[in-house]
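This note is addressed to a colleague who is new to the structure. It takes the sheets and the helices in turn, as numbered points.

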Amino acid sequence: MKSLFTNIMKEFEGYNVGKMLCYIQDPEIISFAGGLPNSDVFPLDLIQKTAKKSLKLDPEHVLQYSAIPGEKELMEAIIDYLQKDNIHIKLENIMITNSGQHGIDLVGRLFLEPKDIIVTDCPTFGGALASFELEDAEYMAKDIEEDGSDVKGMETGIENLINQGRKPKFIYVVPDFQNPSGITMSLKKRLAILSTSKKYGIPLLEDSPYRELRYKGEHIPSIYSLDKNQGNVIGIYTFSKILCPGLRVGFNIGPSEVIKKFSFIKGASILNTPKLNQDICTAFLREYDLDAHFNRARKYYSEKLNFFLKAMEENFPEDTGVKWTKPEGGLFLWITMPEKINTLELFYEAAKEKVAFVPGEVCYPKGYLKHNTMRINFSYPTKDEIIEGVKRLSFVVKKYLTENRKNILAK
């Protein structure tokens, strides 16, 4: 039967991060791998109360199929919620999705033919790469800089591709506390990349899972708000990081003709998003004290981040050659090891010492692979686990370097 698979599925091996998480199910492993928010900040009382209320008052509708674009009450609540971020849209500009990952998949299905080119950062979100790989996409990627995308490099690359008759289909960025690097794009670069999008007529896909999770620094406008509804930007959002991931609810915003096509694709694949889950998200936006919720989440995660950064300084002094980002928010940071370290090999050695991370190579587009980086999630482990986990990671790195040196001398 394998011979009947599509050409792309004959080679496609799934989302590598998901497969690695299956490898580290041992409860003794301290994991910095998954992109997990912490259940300590989930509004469990609201979720339980809303589920009980919805099932009691309206079970027939709650347990039936719902409208493909999403529940009107939730979409209206999101429209009001986005206004505080200076985003002003109508119902025709929004569709409910079954998570941010679903929202990304919709973009790939709508825009990409085999071998079409995407402009993106290097590294970038591995889940997006996995989704675009299903469409057999290719990439023009530029190394991300301390203040975000290398916009000048991207523009030069776009011009070269257009001259070759290969205009990219869209630009994909995660401007706020990027997954995996934790880097935030400056206002100057947001304006520049929006200008590039307009100049070449290339849509810009802005993935925004973490905007509410800023721990320090100044708030920066979203690229969508800077576009002022001129139709150059598609926004991808999710409740996974700001409410909880198990509900699997997100939303896409953008030009009405794009949203309409998203709805057609959704109807032909998953059909609808569960109404009960949407009701919980509506209550979260309408009935919950969002300021108190986000302030609590920011304080909680900020303490975890500071704890992790301190542990890194204590266990990886400057002479080790190990460097890491210092995010202003989000759930991740990025570690760059000496070039002689292959973090995919290190991953399996680390698992033996009961500590885990995501090897950075799963976050690089095809053709841009680097072997000496890793993504770290600091939001899920406890403070004690952070201290012990970083110690174990340091031990594994030193052991790897020692054994590597012995192997070189033996040769």
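In which sense do β12 and strand β13 pair, and over how many bridges? The points below begin with that pairing; the model under review is a predicted one.

1. The pairing of β12 with strand β13 (residues 373–377) is antiparallel and extends over two bridges. Within this pairing, Val358 stands opposite Arg375 in β13.

2. These strands belong to an open sheet of four strands, ordered β9-β10-β13-β12, with antiparallel pairing. Its edges are formed by β9 (323–324) and β12 (358–359), each of which pairs on one side only. As general background, strands of a sheet pair through backbone hydrogen bonds, in either a parallel or an antiparallel manner.

3. Inside this sheet, β10 runs antiparallel to β9, to which two bridges join it, and antiparallel to β13, with five bridges. Ile335 takes part in both pairings: this residue of β10 is the bridge partner of Trp324 and stands opposite Met374 in β13.

4. Is β10 enclosed or open to its surroundings? Four of its five residues are buried, so β10 is largely enclosed by the rest of the structure. Helix α13 (residues 290–315) lies across β9, β10 (332–336) and β13, and runs at about 15° to β10.

5. A second open sheet has seven strands in the order β2-β8-β7-β6-β5-β3-β4, and its pairing is mixed. The edge strands here are β2 (94–97) and β4 (138–143), each pairing on one side only. From one strand to the next, the twist averages 20°.

6. At one edge of the seven-stranded sheet, β2 and strand β8 (residues 250–253) run antiparallel and are joined by four bridges. Ile96 has Phe251 in β8 as its bridge partner. Helix α6 (residues 100–111) packs on this sheet, touching β2, β5 (170–173), β6 (204–207), β7 (233–238) and β8. The direction of α6 makes about 150° with that of β7.

7. How do helix α8 and helix α9 pack? The axes of α8 (residues 151–163) and α9 (residues 187–200) lie 10 Å apart, at an angle of about 10°. Because angles under 35 degrees count as roughly parallel, α8 is described as roughly parallel to α9.

8. In the contact between these helices, the α8 residues Val151, Met154, Glu155, Ile158, Glu159 and Ile162 meet Lys189, Ala192, Ile193, Thr196, Lys199 and Tyr200 in α9. The residues of this contact comprise seven nonpolar, one polar and four charged.

Definitions and conventions: Residues numbered from 1 in each chain as written. Predicted model: local features only at pLDDT ≥ 70, side-chain atom pairs only at ≥ 80, totals over all residues. Heavy atoms only, no water. Pairing = 2+ DSSP bridges. Contact = heavy atoms within 4.5 Å. Axes fitted to C-alpha atoms, helices over the stretch in contact; angles between N-to-C directions. Parallel < 35°, antiparallel > 145°, perpendicular 65-115°, else oblique. Nonpolar A, V, L, I, M, F, W, Y, C, P; charged D, E, K, R; others polar. Buried < 20%, exposed > 50% of the residue type's maximum accessible area, 1.4 Å probe, protein only.
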